[in-house]
Amino acid sequence: MEEFMLIFRHMDGQKVASPEQIQTWMKQTMDWVGGIAAQNKFVGGNGLQYENAKIVHHDKTVTNGPFGEIKETLGGYVIVKANSIDEAAEMAKGSPVLQGEGNTIEVRKLAKGDGVH
Amino acid sequence: MAQQELIPHLFRTEFRKITSVLCKHFGIAHIEIAEDIAGETFLSALENWSFKGIPDNPTAWLYAVAKNKAKNQLSRNKLFSEKISPHLKQATPVYSETEFDLSDKNISDSQLQMLFAVCHPSLSTEAQIGLALRILCGFGIEEIATALLTNKDTINKRLLRAKEKLRNENVPIEVPSKEEISKRLETVLLTLYLLFNEGYYSESNDEVLRKDVCLEAMRLTYLLIENDQTNPEVNALLSLMCFHASRFEARTGKRGELILYEDQDENLWNKELISKGALFLNQASQGSKISKYHLEANIAYWHTIKADTKEKWETILQFFNRLLQLEYSPIAALNRTYALSKTNGKQEAIIEAEKLQLTNNPYYFVLLGELYEEVDNKKSKEHFEKALALIKTNADKTVISKRISDLN
């Protein structure tokens, strides 16, 4: 089995959700991840904090962001084990992140540390 | 207590103490000498007490005899100078002044040190459990064979190999240093956890023996708690054991048949063990690390509340979600899916269960049978029948057969 990273892209991280809504998403996320782990296909994952983020630019200037010009932001990632990228993509379909209109999950195979990739 | 009951009783409680203290004294290389002396001590008791009656203080008698035998052993065979001495660090041991300290303090210190020696990472888990039962719990070879569902020969060979390994590795009998303890503790806790499970889930018919295995695992875990170098994880493990053990009386019927959790009489649950479990769980919550024992103890705690509430199953589900991320096991995956059916409904749980594909595991089909019940009784029955074909123990067979006949 190969490892794949599911990267959550939120269309608009500034949208404020109600505490009840957040709680529902929390449960859905935990159940989704728990379901992957129950298949012994969970490797790791984390959420990314929205507040107090910085962007370091090409000229090494540092700005607050990423929420200046672009609205889209990374929300977090989960690494899964799967036999193919299609299977990993199928797993991603269960994530509640996709309930937000415009949100996407990018599925990428992890390069192995074998010096070739 | 009459003599025929007293000696086995003392054997169980004192053999391990004498062995630990002597073994610590002689060094791990001579673990068999320690066992032999402890064994001979009980033989002497059997011979002597039959003629002279039981002494006023049988334990003190045993200790005195063990001490003498140990001293004789040292001088008589010149063993000390020829065999032990080269292995000892001290250059000039004076055996005539050797004092064997069988005080409570030294007994519990020695047992704790032996626990770390027996759970040495160089040994396989099987060997650790076998040795723990023999050296730390004072089980006879036959008892170990019964508890582990194998024969005396296998156990004898296993123990011999394990002792040889300890000898070759020259494993020190000590509590590891502060720096090393957390790493070593991991193996010790896992062995104790497996030792408990061996008793709790064993397919052996000897109910008393199985209970003893569990109680011994709890006693050894408590020994660790008394050592203040150990950590919250130990409390979490003991908490888990208490919660499980609280259902001992309730989970088997009069004819030894298995009574499922749902059908248990909660009046038979041991309230004292439940409240002890809660106490240890409370102590386990110090510190920031959440181990698998913490998660399992919490799950076990919620099982001590019989009422089928949404809150109960939601909490259990989330603990299982976390447990599986920390460490996968098929049994956790199955239980998690069962909890999911209680919170999110059977339809969703069926979809999740089908993904597990644990097709060699009879309990996978028990779960599917359970989930399909009332949703699709034909499928439910098919799954229970698959489970029946895979299951090994008679107790489980009876339970599943009943489920099938209930569906007809």
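Is E327(B) buried or exposed? In this predicted model, E327(B) is exposed, because 12 other C-beta atoms lie within 10 Å and a residue with 12 or fewer counts as exposed. E327(B) sits in the loop between α14 and α15 of chain B. Its C-alpha atom is 37 Å from that of V21(B). In sequence, E327(B) and V21(B) are 306 residues apart.

The two helices that flank this loop also take part in the contact between the chains. Chain B contributes 13 residues to that contact, and chain A contributes ten residues. On the chain B side, α14 (310–326), α15 (330–344) and α16 (346–356) each supply at least two residues. Helix α14(B) gives the most, with five residues. By class, the side of chain B that touches chain A comprises five nonpolar, five polar and three charged residues.

Chain A contains two helices and six strands. Read from the N terminus, its elements follow the order β-α-β-β-β-β-α-β. The chain has 117 residues, of which 20% count as buried. Contacts in chain A are also characterised by sequence separation. Among those with a separation of 6 or more, 75% are between residues 24 or more positions apart.

Helix α2 of chain A spans residues 85–92, and its residues A88(A), M91(A) and A92(A) are buried. Viewed down the axis of α2(A), the buried residues fall within an arc of 105 degrees, so they line one face of the helix. An α-helix has 3.6 residues a turn, so residues three or four places apart point the same way. On the other side of α2(A), D86(A) and E90(A) are exposed. The packing partners of the buried residues of α2(A) are β1 (2–10), α1 (19–38), β5 (73–82) and β6 (104–109) of chain A. These partners thus include one helix, α1, and the strands β1, β5 and β6.

Within chain B, helix α11 (residues 232–245) packs with helix α12 (residues 271–284). Their axes are 8 Å apart, at an angle of about 160 degrees. That angle makes α11(B) roughly antiparallel to α12(B), because angles over 145 degrees count as such. The crossing of the two helices is left-handed. From α11(B), the contact draws on P232(B), N235(B), A236(B), L238(B), S239(B), C242(B), F243(B) and A245(B). From α12(B), the residues are L273(B), I274(B), K276(B), G277(B), F280(B), L281(B), Q283(B) and A284(B). By class, the contact of α11(B) with α12(B) has eleven nonpolar, four polar and one charged residues.

Y301(B) touches residues of both these helices, including F243(B), which belongs to the α11(B) side of the pair, and G277(B) and L281(B), which belong to the α12(B) side. A278(B) is also among the residues touched by Y301(B), with residues up to four places away in sequence not counted. Y301(B) itself is found in helix α13 (residues 292–303) of chain B. With 20 C-beta neighbours inside 10 Å, Y301(B) counts as buried. The C-alpha atoms of Y301(B) and S275(B) are separated by 9.9 Å, although the two residues are 26 residues apart along the chain.

A second helix pair in chain B crosses at another angle. The axes of α6 (residues 125–136) and α8 (residues 152–169) of chain B come within 9 Å and cross at roughly 100 degrees. Helices α6(B) and α8(B) are therefore roughly perpendicular to each other. On α6(B), the contact involves E126(B), A127(B), G130(B), L131(B) and R134(B). On α8(B), I155(B), R158(B), L159(B), R161(B) and A162(B) take part. These residues divide into five nonpolar, one polar and four charged.

The loops on either side of α8(B) were also examined. L149(B) lies in the loop between α7 (141–147) and α8 of chain B. L149(B) has a positive phi of about 55 degrees although it is not a glycine. With 11 C-beta neighbours inside 10 Å, L149(B) counts as exposed. N170(B) is in the loop between α8 and α9 (178–201) of chain B. N170(B), also not a glycine, has a positive phi of about 50 degrees. N170(B) is exposed, with 10 other C-beta atoms within 10 Å.

Methods. Residues are numbered from 1 along each chain as its sequence is written. Chains are lettered from A and ligands numbered from 1 in the order in which they are written. This is a predicted model: local features need pLDDT of at least 70, side-chain atom pairs count only at pLDDT 80 or more; totals for chains, interfaces and linings use all residues. Axes are lines fitted to C-alpha atoms, for helices over the stretch in contact, and angles run from 0 to 180 degrees between N-to-C directions. Helices (H or I, at least four residues) and strands (E, at least two) are DSSP runs, numbered from the N terminus. Angles under 35 degrees count as roughly parallel, over 145 as roughly antiparallel, 65 to 115 as roughly perpendicular and the rest as oblique. A crossing is left-handed if the near helix is turned anticlockwise from the far one by less than a right angle, and right-handed if clockwise. Two residues are in contact if their C-beta atoms, placed from the backbone, lie within 7 Å. Ala, Val, Leu, Ile, Met, Phe, Trp, Tyr, Cys and Pro count as nonpolar, Asp, Glu, Lys and Arg as charged, and the others, Gly among them, as polar. The arc is that of the directions from the helix axis to the C-beta atoms.
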